[in-house]
Amino acid sequence: YICNIHKDNYRLLILSKKIKMIEKLNKAFSKLPGVGAKTAQRFIYHLLERDRPGGLDLAKALNEAMENVKNCERCRTLTEKTVCEICSSTSRDKSQLCIVETPSDIHVIEQSGVYSGKYFVLSGYLSPIDGIGAAELGLDELEGLLTKEKVNEIILATNATIEGEVTAHYIHNLAKKYQIKTTRIAHGIPLGGELEYTDINTIAHALSGRKDYN
Ligand code: ZN
């Protein structure tokens with residue numbers, strides 16, 4: 001059985017090397033996070049051999065999204081409209097502004113259901129080495145927003161990486177300029193997680209990000 005799988009993979013590999021269009025597709029799929037050449041191969045052959053209508057639907061949906069999804073003019077998250085639903089919602093608390101690194105971070109926070117304020121999406125994190133400075137991050141836009149809107153609290157939800165911390169620190173200083181309180185989300189032990197199996201950095205962060213127990 002295992003031998004057959006190997007043979008199959010080998011056969012596909014030889015085949016795909018001969019077909020330019022498949023090679024091109026493989027390169028495109030392999031660029032996706034978590035997808036290697038082998039997985040790409042499986043996707044491609046699945047679509048070509050078993051699900052051509054699905055393949056055409058995928059191509060159409062991809063094309064549509066790439067052409068029409070843009071960044072919200074206020075918070076920069078992804079949206080089909082000029083201003084996204086969260087930004088245009090009147091039921092959300094305008095005084096709280098949560099800063100995240102990517103639109104998918106918003107999705108995760110929204111799923112938790114505990115936040116009802118507004119957002120601002122950075123274009124990643126400060127990384128001078130990669131040429132990502134304040135302007136590239138969209139911090140000018142953030143500052144513009146702070147001058148226009150009555151924000152009482154900035155919640156820093158950048159990642160618990162060195163870059164994320166530097167970015168958080170930078171925004172904290174920016175907020176000080178406007179006398180806005182900043183809080184940092186506590187990155188800590190996952191629910192159900194045991195200290196013994198948690199890495200030292202996570203524990204250190206969880207400890208330093210601790211808040212009043214009530
Ligand atoms: Zn928005």
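1. First, a term used throughout: a residue is called buried when its relative accessible area is under 20%, exposed when over 50%, and partly exposed in between. Phe 29 comes in at 14%, so it falls in the buried class. Please keep in mind while reading that this is a predicted model.

2. On overall make-up, the chain has ten helices and six strands. Its radius of gyration is 22 Å, well over the 17 Å that the globule rule gives for 214 residues, so the chain is more spread out than a compact globule. If you want box dimensions, the C-alpha trace spans about 65 × 45 × 35 Å along the principal axes.

3. A few chain-wide totals go with that. Of the 214 residues, 29% are buried. The chain exposes about 15,100 Å², with carbon and sulfur atoms supplying 57% of that area. As for contacts between residues at least 6 apart in sequence, 50% of them join residues at least 24 apart.

4. Now the zinc ion. Which atoms hold it? The SG atoms of Cys 72, Cys 75, Cys 84 and Cys 87 coordinate the zinc ion, at 2.3 Å. Along the chain these donors follow the spacing C-x2-C-x8-C-x2-C. The angles among the four donor atoms run from 103 to 119°, and the site is tetrahedral. The cut-off behind that label asks for all angles to lie between 85 and 135 degrees, so the site qualifies. On the accessibility side, Cys 72 and Cys 75 are both buried.

5. Have a look at Arg 76 while you are in that part of the sequence. Arg 76 is not a glycine, yet it has a positive phi of about 75°. It is found in the loop between strand S1 (70-71) and strand S2 (78-79). Arg 76 is also buried, with a relative accessible area of 13%.

6. Gln 179 belongs on the same checklist. Its phi is positive too, at about 50°, and again the residue is not a glycine. The loop that carries Gln 179 runs between helix H9 (162-177) and strand S6 (181-184). Is Gln 179 buried or exposed? With a relative accessible area of 73%, Gln 179 is exposed.

7. Next, aromatics. How many aromatic pairs does a search of the whole structure find? The search turns up two. In one of them, the ring centres of Phe 29 and Phe 43 are 5.5 Å apart and the planes sit at 65°, so the pair is edge-to-face. Phe 29 is in helix H2 (residues 20-30) and Phe 43 in helix H3 (residues 37-50), so this pair ties together parts that are 14 residues apart in sequence. Phe 29 is buried at 14% relative accessible area, whereas Phe 43, at 35%, counts as partly exposed.

8. The other pair is Tyr 115 with Tyr 119, and it is edge-to-face as well: 5.2 Å centre to centre, with 65° between the planes. Both of these tyrosines are buried.

9. Helix H9 deserves a walk-through, starting with Thr 167, which sits in that helix. Thr 167 has 0% relative accessibility and so counts as buried. What does Thr 167 touch, not counting residues up to four places away in sequence? Its partners are Leu 122, Tyr 125, Leu 126, Leu 137 and Thr 158.

10. Ala 175 is also in helix H9, and at 0% relative accessibility it counts as buried. Leaving aside neighbours within four places in sequence, Ala 175 is in contact with Ile 154, Ile 180 and Thr 182. For a distance check, the C-alpha atoms of Ala 175 and Leu 146 are 8.2 Å apart in space, while the two residues are 29 apart in sequence.

11. Last on helix H9 comes Asn 173, another resident of that helix. Asn 173 is partly exposed, because its relative accessible area of 37% is neither under 20% nor over 50%. Its C-alpha atom is separated by 37 Å from that of Ala 65, a residue 108 places away along the chain.

Key: Residues numbered from 1 in each chain as written. Predicted model: local features only at pLDDT ≥ 70, side-chain atom pairs only at ≥ 80, totals over all residues. Heavy atoms only, no water. Phe/Tyr/Trp six-rings, centres within 6.5 Å; stacked < 30°, edge-to-face > 60°. Helix = DSSP H or I, 4+ residues; strand = E, 2+ residues; numbered from the N terminus. Buried < 20%, exposed > 50% of the residue type's maximum accessible area, 1.4 Å probe, protein only. Donors = N, O, S within 2.8 Å, 3.2 Å for Na, K, Ca; no water. Tetrahedral: all angles 85-135°; square planar, octahedral: opposite > 155°, others 65-115°. Rg over C-alpha atoms; globule rule 2.2 N^0.38 Å. Contact = heavy atoms within 4.5 Å. Areas by Shrake-Rupley, 256 points an atom, 1.4 Å probe, with all protein chains shown as cover.
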